[in-house]
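Me: I'm new to looking at protein models, and I'd like a close look at one part: the salt bridges. Could you walk me through them?

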Amino acid sequence: MEISAEQRKKVKGEGFLSNNDGVHFSARIITENGVLTAKQLKNISEVADKYGNGDIAFTSRLTLEVPGINFEDIEAVKEYVAREGMETGGTGAKVRPVVACKGTVCTFGLIDTQALAKEIHRRFYKGYRAVALPHKFKIAVGGCPNNCVKPELNDLGIVGQRVPVLDVEACRGCGKCSIVQTCPVGAAKVTEGKLVIDPAVCNNCGRCAQVCYFKALTHQEAGYKVYVGGRWGKKIRHGTALKTIFTSKEEVLDIIEKAILLFKDQGKPGERFATLVERLGMEQVEKQLLADDLLQRKEEILGGSGAC
């Protein structure tokens, strides 16, 4: 059957992307946080066998694509994946599906990345689904400074932090300091008989926790670093970190919402968030993200778009 450009545009908005043969489509199936149950994986396998070409591919953002689907089977695919609580989508100038690393179970993880990503998915991917933005808006959650999901290359990236708090009085100035030996970035040094941690070098990875025999460093402040304005693709920009290390999840969620509202309010059509950050300047962007004006003007900015 002949498929019109208007029909292709419509189904693309529903998560069905044209294959390069000009006939078939790939169903993009959303994960809330990069995690699927065994039943959901079985369901997707059945979709691939029943409606696709038998293959399943993972995207770089941990969604799944089932290629080889006929246009007339698109509604059936949507109904089939819905049996296990899944849906297709993840396209358009909107908040995109959230990507999270394995910090929830990883030995280096400093925060519950998958729980946070699930909350971001509910509040912003689902809650802002009716809100059209100047361009796509990508969010990534990383559990530690290893940056496995490259948070700083997303429109907004979150990285788990553990800020070391040193008890100078407890420090013995050991010749072979276990903290110095453990630090992977060389931020810790013994100077004039006392341990010194350079905050400009320390990346708050948490590796030094509990390694001092004399308990000079047993307490670490848990927190979140937030990067804004990152972008990968044809034009790469490393995101700029906000100066504040946030200590509560609620603060981070508010920052995400304010960033989306800023993009909606002051972004130009077709402009990526990274370009907006460069155009306004990081000082102005950070000032707005740390203030409450954007949240106070939420209804005005969205203009009845239906975000919850």
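Reply: Sure! One definition to start: a residue counts as buried when its relative accessible area is under 20%, as exposed when that area is over 50%, and as partly exposed in between. Keep in mind that this is a predicted model.

So how many salt bridges does the structure hold? There are 17. Let's go through some of them.

Start with glutamate 257, which pairs with lysine 298; their closest N and O atoms are 2.8 Å apart. Glutamate 257 sits in helix H6 (residues 249–266) and lysine 298 in helix H10 (residues 298–302), so this bridge links distant parts of the chain, 41 residues apart. Is glutamate 257 buried or exposed? Its relative accessibility is 5%, and because the cut-off for buried is under 20%, glutamate 257 counts as buried. Its partner, lysine 298, has a relative accessible area of 22%, so lysine 298 is partly exposed.

Helix H6 turns up again in another bridge. The side chains of aspartate 265 and arginine 297 meet with an N to O distance of 2.9 Å. Aspartate 265 belongs to helix H6, while arginine 297 lies in the loop between helix H9 (293–296) and H10, so the pair ties together parts that are 32 residues apart in sequence. With 32% relative accessibility, aspartate 265 is partly exposed.

Now for another part of the chain. Glutamate 32 and lysine 118 form a salt bridge through their side chains, at 3.7 Å from N to O. Here the distant parts being linked are the loop between strand E2 (25–29) and helix H2 (38–50), home of glutamate 32, and helix H4 (residues 113–126), home of lysine 118; the two residues are 86 residues apart. What about their accessibility? Glutamate 32 comes in at 34%, which means that it counts as partly exposed. Lysine 118 has a relative accessible area of 45%, so lysine 118 is partly exposed too.

Salt bridges can also join up into a group. Which residues are linked in a network of salt bridges? They're Lys10, Glu14, Glu75 and Lys78.

To pull the pairs together: glutamate 257 on helix H6 is linked to lysine 298 on helix H10, aspartate 265 on helix H6 is tied to arginine 297 in the loop between helix H9 and H10, and glutamate 32 in its loop is linked to lysine 118 on helix H4. If you're tracing these in the viewer, glutamate 257 is the one to check for burial, at 5% relative accessibility.

Notes:
Residues are numbered from 1 along each chain as its sequence is written. This is a predicted model: local features need pLDDT of at least 70, side-chain atom pairs count only at pLDDT 80 or more; totals for chains, interfaces and linings use all residues. Side-chain values use heavy atoms; hydrogens and water are left out. A salt bridge is a side-chain nitrogen of Lys or Arg within 4 Å of a carboxyl oxygen of Asp or Glu. Helices (H or I, at least four residues) and strands (E, at least two) are DSSP runs, numbered from the N terminus. Buried means under 20% relative accessible area, exposed over 50%, partly exposed in between (1.4 Å probe, protein chains only).
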